[in-house]
Structure formats: C-alpha cells, structure tokens
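User: Please take a close look at the loops of this model, with attention to the backbone. I should also like to know how the helices and cysteines fit into the account.

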Amino acid sequence: MKIDSIINDKYKIIDEIGEGSMGKVLKVKNINTNDIFALKYCKDIEQNDLLRFKREVKVSLTTKHKNIIQIIDYDLEQNPPYFVMPLAKTNLEEIITDIVGDFEKIFDIFKEVCYGIKVLHESGKYHRDIKPRNILILENSSVVVADFGLAKFKNSNSLPHTSSLGHLGTFGYDAPEQMVGKNMDARTDIFQLGKCLYQLYTNEYPHLIDDTKLPSGLLYIIQQATAINPDNRYQSVNELLQAVEFYQK
C-alpha cells in the first residue's frame with residue numbers, strides 16, 4: 001500500500017490520511033473516472049480484525065441516512081479487504097477549537113450526530129465508539145457518523161472477537177458497562193453522546209466532567225445522558241434530542 005500503487009486495478013493511492021487499531025485510511029483516485037475518495041483497508045489479517053472489518057461494512061451498507069457514512073465500493077475478498085467512501089474534509093475533533101463559543105453551530109452539529117445515531121438504533125444497531133474523531137465533515141459540509149468497527153447488531157449475539165475483549169470503547173467516552181464488556185445497548189451510545197456534547201461545549205477532554213464549565217440547563221442534560229446507571233439515562237436518542245431542543249428555546 002504505497003503512494004502511486006494501484007489497488008484492485010481501480011484505485012490509485014495518492015496519500016495516507018489516518019490509521020486506527022484495525023484499519024488504515026488512504027486518499028485514492030479512481031483511475032477510470034478521476035474521482036477522489038477515501039479508501040479504508042483492514043491492515044491486519046487476524047481473523048478477529050477481519051470479522052470486525054466486515055461487520056463495519058455491513059453496518060454502513062444496511063444503514064441509509066444522510067448522517068451515516070455511505071460506502072461507495074468495497075471488496076472483502078481482496079487482500080487486504082477494503083471499502084471506499086466519500087473523502088472527508090476533516091473530522092469533528094479537529095474543528096472543536098474553531099467552533100468553541102459558537103453555540104448555534106455546536107448544537108447544530110450535535111443534533112446531526114444524534115440524527116445519525118437515532119437511525120442507527122432504529123435499524124437495530126449500536127455504535128459503541130462515538131467520539132468526535134469518528135464524526136466526519138465531508139467536502140459538502142455534511143456531518144456523518146463513521147467507524148463502525150465496534151458496532152453491534154441488536155438482535156445478534158456479540159461475536160467472540162468482541163466479547164472476549166472485555167473493555168470496549170475509548171477511554172474518556174466509554175460508559176461504565178463498557179469497562180466490563182457487558183449489557184451495552186442504545187443507552188451506551190447515549191452516554192457517549194453526552195460526553196461528546198461536553199467536549200464540544202467546553203473544548204475539554206471528557207474523562208472528567210467539570211460542572212462549573214456548564215450552564216445549569218446543559219449540565220442537567222449532560223448529567224442525565226452520562227448517568228452511571230443506564231436506567232437513569234435518557235432511554236432513547238429521541239429523548240436526548242428533545243431535551244437539547246427544549247434547552248435551545
């Protein structure tokens with residue numbers, strides 16, 4: 001996977017964009033159309049990572065919404081397997097410092113994220129790794145939820161490669177139930193959305209929430225979203241959205 005090499009007789013590698021624990025993202029050009037895309041490939045051929053990568057593709061392909069990243073092309077039989085998606089201009093983590101204090105912009109972006117997660121839940125899936133880095137801003141300024149490597153289908157058992165990992169998620173955003181890798185559901189995503197909202201508003205990493213940095217109404221929303229006991233959180237993304245919209249009035 002070197003610059004200028006051709007993948008599958010179709011995509012020429014232009015640059016490297018980023019890298020995670022499971023995959024690597026490249027900027028590529030379709031040599032037939034000259035269109036520019038992002039291509040993500042599974043950088044490890046271990047069975048667990050391949051299963052996670054294939055599940056990521058399945059989640060995206062079966063969730064159609066303007067706030068969910070859409071897959072343009074894929075080949076899971078290629079070595080390494082890959083998928084192609086629209087090229088992002090940036091991600092939410094990279095622009096937080098630019099939007100701090102612009103509360104209208106912050107809430108607009110946050111609600112777009114919630115819309116995507118809401119549809120994800122309605123289609124029977126949980127994300128389980130919501131954080132600003134996994135929210136992409138596309139070239140047309142669309143806000144899309146991406147990176148479904150830890151996603152789970154509601155009506156299926158966790159695959160061995162997830163249940164055996166114990167802790168799932170990202171430190172600072174993960175819900176208490178993720179620490180033990182059990183009983184994760186829509187309310188786990190709601191916890192992570194609450195952490196993201198705190199970070200968007202304060203520009204502080206959300207491991208610890210400083211109550212003094214938040215106005216009372218917003219503090220209540222974030223505390224409700226990030227309650228230790230899932231039963232005490234908002235029980236749906238729609239409830240969280242309604243609380244945010246009421247706060248904005």
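Analyst: A residue is called buried under 20% relative accessible area and exposed over 50%, and partly exposed in between. With a relative accessible area of 26%, D147 is therefore partly exposed. D147 sits in the loop that links β10 (143-145) to β11 (152-153). Its backbone deserves attention: the phi angle of D147 is near 60°, a positive value in a residue other than glycine.

N183 can be set beside it. The phi angle of N183 is likewise positive, near 60°, and N183 is not a glycine. This residue lies in the loop between α5 (176-180) and α6 (186-202). N183 counts as exposed, because its relative accessibility is 68% and the term applies over 50%.

A third loop, between β5 (73-75) and β6 (82-85), holds P80. Here the feature is in the peptide bond itself: the link from N79 to P80 is cis, with omega near 5°.

How far should one trust these details? The model is predicted, and the chain averages a pLDDT of 93, with 95% of the residues scoring at least 70. Residues 158-165, however, have a pLDDT below 50; this stretch has 11 contacts in the model beyond near neighbours in sequence.

Turning to the helices, α2 (residues 92-99) and α3 (residues 103-122) have axes that come within 10 Å and cross at roughly 155°. An angle over 145 degrees counts as roughly antiparallel, so α2 and α3 are roughly antiparallel to each other. The crossing of α2 past α3 is left-handed. On the α2 side the contact is made by L92, I95 and I99, and on the α3 side by K105, I106 and I109.

The cysteines complete the account. A disulfide is a covalent bond between the sulfur atoms of two cysteines, and the structure holds zero disulfides. For C114, the closest cysteine sulfur is in C196, 9.1 Å away, which is too far for a bond; the cut-off for such a pair is 2.5 Å. C114 is buried, because its relative accessible area is 0%. C42 is buried as well, with a relative accessible area of 1%. These two cysteines thus contrast with the loop residues discussed above, since D147 is partly exposed and N183 is exposed, whereas C114 and C42 are buried.

Methods:
Residues numbered from 1 in each chain as written. Predicted model: local features only at pLDDT ≥ 70, side-chain atom pairs only at ≥ 80, totals over all residues. Heavy atoms only, no water. pLDDT = per-residue confidence, 0-100. Contact = heavy atoms within 4.5 Å. Buried < 20%, exposed > 50% of the residue type's maximum accessible area, 1.4 Å probe, protein only. Axes fitted to C-alpha atoms, helices over the stretch in contact; angles between N-to-C directions. Helix = DSSP H or I, 4+ residues; strand = E, 2+ residues; numbered from the N terminus. Parallel < 35°, antiparallel > 145°, perpendicular 65-115°, else oblique. Left-handed = near helix turned anticlockwise from the far one by under 90°.
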